[in-house]
Amino acid sequence: ESAEQLTAARVAEARSAEKMGHAALEAKWDQMGIVQGGGVGGPGTGRGHVDTIGYRPGELHVGECKGGTSAKIGTYTVDGVKVEQRSAAYVGDRLAKDTDFHQKMRENPALWEAIKGGRVTVHSDIAIARRERRDNRL
């Protein structure tokens, strides 16, 4: 295989893994009565953005979606300190930097005021959807 083919295969696997994580979180949120908010996150959004957000009365849920054979919680540096992706420091930093989230809050000023006023609580939800590695030998 050429380097280009190998790179393309790795990118495709990463996208599939990301979609697995999103599907797992969406299914869990559906069971919990959390409605996914459009316009923020989603598969392929990339760095500097939250994976997704969801709403339930009185709650804003920030979703972290992991999928594939190497799905795990990573670390991230906030103000020079390493923190886990699910931590309050991580979620706060992601929301502070995510321009799509900022736009969503400009479109929903009452929600933003409720979050700032403590009438809506922010939750960090993580979905890890692992795919088993299978050995194809007999």
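How many residues apart in helix α4 are lysine 116 and glutamate 113, and what separation along the helix does that give? We will come to these two side chains shortly, but please keep in mind from the start that this is a predicted model.

The answer lies in helix α4, which covers residues 109-116: lysine 116 and glutamate 113 sit three residues apart there, so about one helical turn separates them. Their side chains form a salt bridge, with 3.2 Å between the closest N and O atoms. Glutamate 113 counts as partly exposed, at 40% relative accessibility. As general background, side chains of opposite charge can pair when their charged atoms come close.

Let us step back to the whole chain. The protein chain has four helices and six strands, and reading along the sequence gives the pattern α-β-β-β-β-β-α-α-α-β. Of its 138 residues, 33% are buried. If you take the contacts between residues at least 6 apart in sequence, 59% of them join residues at least 24 apart. The accessible surface comes to about 8900 Å², and carbon and sulfur atoms account for 50% of that.

Now for the sheet. Four strands form an open sheet in the order β1-β2-β3-β6, with mixed pairing. Its edge strands are β1 (35-41) and β6 (121-129), each of which pairs on one side only. From one strand to the next, the twist averages 30°. Within this sheet, β3 and β6 run in the parallel sense and pair over nine bridges; to find one place where this happens, look at lysine 66, whose bridge partner in β6 is isoleucine 128. Helix α3 packs on the sheet, where it touches β1, β2 (52-56) and β3, and its direction makes about 120° with that of β1.

What fills the interior? In soluble globular proteins, nonpolar side chains tend to be buried together. Here the largest nonpolar core has 16 residues, and those with the most contacts inside it include Val50, Ile53, Leu60, Leu95, Phe101, Ile115 and Val120. At least two residues of this core come from each of β3 (59-67), α2 (88-97), α3 (99-107) and α4. A second, separate core has five residues, among them Trp29, Ile34, Cys65 and Ala127. Isoleucine 53 is a good place to zoom in: leaving aside residues up to four places away in sequence, it touches Trp29, Val35, Gln36, Gly37, Val40, Leu60, His61, Phe101 and Lys104.

Finally, back to the charged side chains. The structure holds five salt bridges in total. One of them joins glutamate 59 to arginine 56, with the closest N and O atoms 2.8 Å apart. Are these two partners buried or exposed? Glutamate 59 has a relative accessible area of 18%, so it counts as buried, while arginine 56, at 26% relative accessibility, counts as partly exposed.

Another salt bridge brings together the side chains of arginine 94 and aspartate 93, at 3.5 Å from N to O. Both arginine 94 and aspartate 93 are buried. This pair also belongs to a wider arrangement, since Asp93, Arg94 and Lys97 are linked in a network of salt bridges.

Technical notes:
Residues are numbered from 1 along each chain as its sequence is written. This is a predicted model: local features need pLDDT of at least 70, side-chain atom pairs count only at pLDDT 80 or more; totals for chains, interfaces and linings use all residues. Side-chain values use heavy atoms; hydrogens and water are left out. A salt bridge is a side-chain nitrogen of Lys or Arg within 4 Å of a carboxyl oxygen of Asp or Glu. Buried means under 20% relative accessible area, exposed over 50%, partly exposed in between (1.4 Å probe, protein chains only). Contact means heavy atoms within 4.5 Å. Accessible areas come from the Shrake-Rupley method with a 1.4 Å probe; for residues, only the protein chains shown count as cover. A nonpolar core is a set of buried Ala, Val, Leu, Ile, Met, Phe, Trp, Tyr and Cys residues joined through side-chain atoms within 4.5 Å. Two strands pair if DSSP finds at least two bridges between them. Axes are lines fitted to C-alpha atoms, for helices over the stretch in contact, and angles run from 0 to 180 degrees between N-to-C directions.
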